[in-house]
Amino acid sequence: MTAPPISDLNDRARDVFRVVVESYLDTGAATGSRTIALRSGLNLSPASIRNVMQDLEELGLIASPHTSAGRLPTESGLRLFVDGMMQALEPSAEERSAIESRVSQPGPVEAALAATTAALSGLSACAGLVMVPKRELVLRQMSFVPLSHDKALAVLVSEEGAVENRVIDLPGGVDPSALVQAGNYMTAMLSGLTLGEARAKIEREIGEERALLDAVSRVLIERGLAVWSEDGDRRPVLIVRGQGRLIDAADAAQLERITDLLDDLEGKQEIATLLDSASAGDSTRIFIGAENKLFSLSGSSVIAKPFRGRDGRVVGVVGVIGPTRLNYARVVPMVDFTAATLARLMGRG
């Protein structure tokens, strides 16, 4: 059911509805008419409040979990509240500092993204997410370390200082000096190139017989570049941090839904597709429950915001996933601030 516009509610209905929603977000429990009478400050009897609640229920904004209970907001009701009634709370100085300190840490960009996402997860008590495009490593240095007669460790150092190792098979009868020659050649000739550019240059040099390499060194270089190029195609674009916080924040009634949500988080490609849909435009996107098919069973909410790089193009999306009962007024501005902070990080490149 589509929620009615906020203008369709009179002041009395808005006040009652706000108490139901805020009580639910605070406690997770249904709210009855007597509680509303005490909390709302309205000069209304419980019977009058029940009449208002009946109207709100007919509009699809609240519902009763069972016959004798109070009322809970529906997903349509949460959407109306978030879009038309929520009063955002800006992150505190401590929260801003916690996020910014992770971005300023030295090291590869991926490490800063992961650390920032972990900070966002901790502050929001949700699972933190960040998605960035696939990025090819840029070579600074490469070497080969013998492990056995038929295995060697190919060591790659990127321009960002990241060190990665891969085991490769050695051609028969390889001499240790060939390992040194191949590593020196790659460092001298391919430094500053992406893996794709390096492979193209090597193929061109060998094809034109300009590469001063023997046959064994050529094989070593081709295998070394191949293992990273193949791995780069599978390099994850989605970082998820803080799944355990979802369980920590859940009560017994929520555990089954949280288990479903954790299963959803294993489908990273589906989540990446969802976040990609949030990358259009500049606004924060909020998906509540069944508004997105991926989380219809777990009853979860996603808050996501794109961030831009130095050239103004969208370079990633950051956000959180949690139960529909989360503090939207606090978490939405926190996601906004994290996106702005990551934009500054990506703008340094």
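Select arginine 79 and aspartate 83 first: their side chains form a salt bridge, 3.1 Å from N to O. The model on screen is a predicted one. Both residues belong to helix H4 (residues 75-84), and because they are 4 residues apart there, about one helical turn separates them. As a general point, an α-helix has 3.6 residues a turn, so residues three or four places apart point the same way. Colour the pair by accessibility: arginine 79 counts as buried, at 18% relative accessibility, under the 20% cut-off for that class. Aspartate 83 is exposed, with a relative accessible area of 56%.

Keep arginine 79 selected and add glutamate 291. These two side chains also meet in a salt bridge, at 2.7 Å from N to O. The pair links distant parts of the chain, 212 residues apart: glutamate 291 sits in the loop between strand S8 (285-288) and strand S9 (300-308), while arginine 79 is in H4. Glutamate 291 counts as partly exposed, at 41% relative accessibility. With Arg79, Asp83 and Glu291 shown together, salt bridges that share partners join them into one network.

Next, go to arginine 71 and glutamate 57. The structure holds 8 salt bridges, and one of them joins arginine 71 to glutamate 57, with the closest N and O atoms 2.9 Å apart. This pair, too, links distant parts of the chain: arginine 71 is in the loop between strand S1 (62-63) and strand S2 (72-73), and glutamate 57 is in helix H3 (residues 46-58), 14 residues away. Arginine 71 counts as buried, at 17% relative accessibility, whereas glutamate 57 is partly exposed, with a relative accessible area of 25%.

Move to helix H6, residues 109-124. Its 16 residues should span 22 Å at 1.5 Å a residue, and the end C-alpha atoms are indeed 22 Å apart. Select the buried residues of H6; among them are Val109, Leu113, Thr117, Leu120 and Ser124. Just after this helix, stop at alanine 125, which takes a positive phi of about 60°.

Now display strands S4, S5 and S6. They make an open sheet of 3 strands in the order S4-S5-S6, with antiparallel pairing. Strand S4 (139-146) and strand S6 (163-169) are the edge strands, each pairing on one side only. On average, neighbouring strands of this sheet are turned by 20° against each other, direction ignored. Between strand S5 (residues 151-158) and S6, which run antiparallel, there are 7 bridges. For one residue pair, pick alanine 154: its bridge partner in S6 is arginine 166. Add helix H7 to the view: H7 packs on the sheet, touching S4 and S5, and its direction makes about 175° with that of S4.

Finish on H7 itself, residues 176-190. This helix has 15 residues and reaches 21 Å from its first C-alpha to its last, close to the 21 Å expected at 1.5 Å a residue. Where do its buried residues lie when seen down the axis of H7? They fall within an arc of 160°, so they line one face of the helix. Select Ala178, Leu179, Ala182, Gly183, Tyr185, Met186 and Leu190 to show these buried residues. For the face turned away from that buried side, select the exposed residues Pro176, Val180, Asn184 and Ala188. The last stop is glycine 192, which follows H7 and has a positive phi, near 90°.

Terms used:
Residues numbered from 1 in each chain as written. Predicted model: local features only at pLDDT ≥ 70, side-chain atom pairs only at ≥ 80, totals over all residues. Heavy atoms only, no water. Helix = DSSP H or I, 4+ residues; strand = E, 2+ residues; numbered from the N terminus. Expected span 1.5 Å × (residues − 1). Buried < 20%, exposed > 50% of the residue type's maximum accessible area, 1.4 Å probe, protein only. Arc of directions from axis to C-beta. Salt bridge = Lys/Arg side-chain N within 4 Å of Asp/Glu carboxyl O. Pairing = 2+ DSSP bridges. Axes fitted to C-alpha atoms, helices over the stretch in contact; angles between N-to-C directions. Contact = heavy atoms within 4.5 Å.
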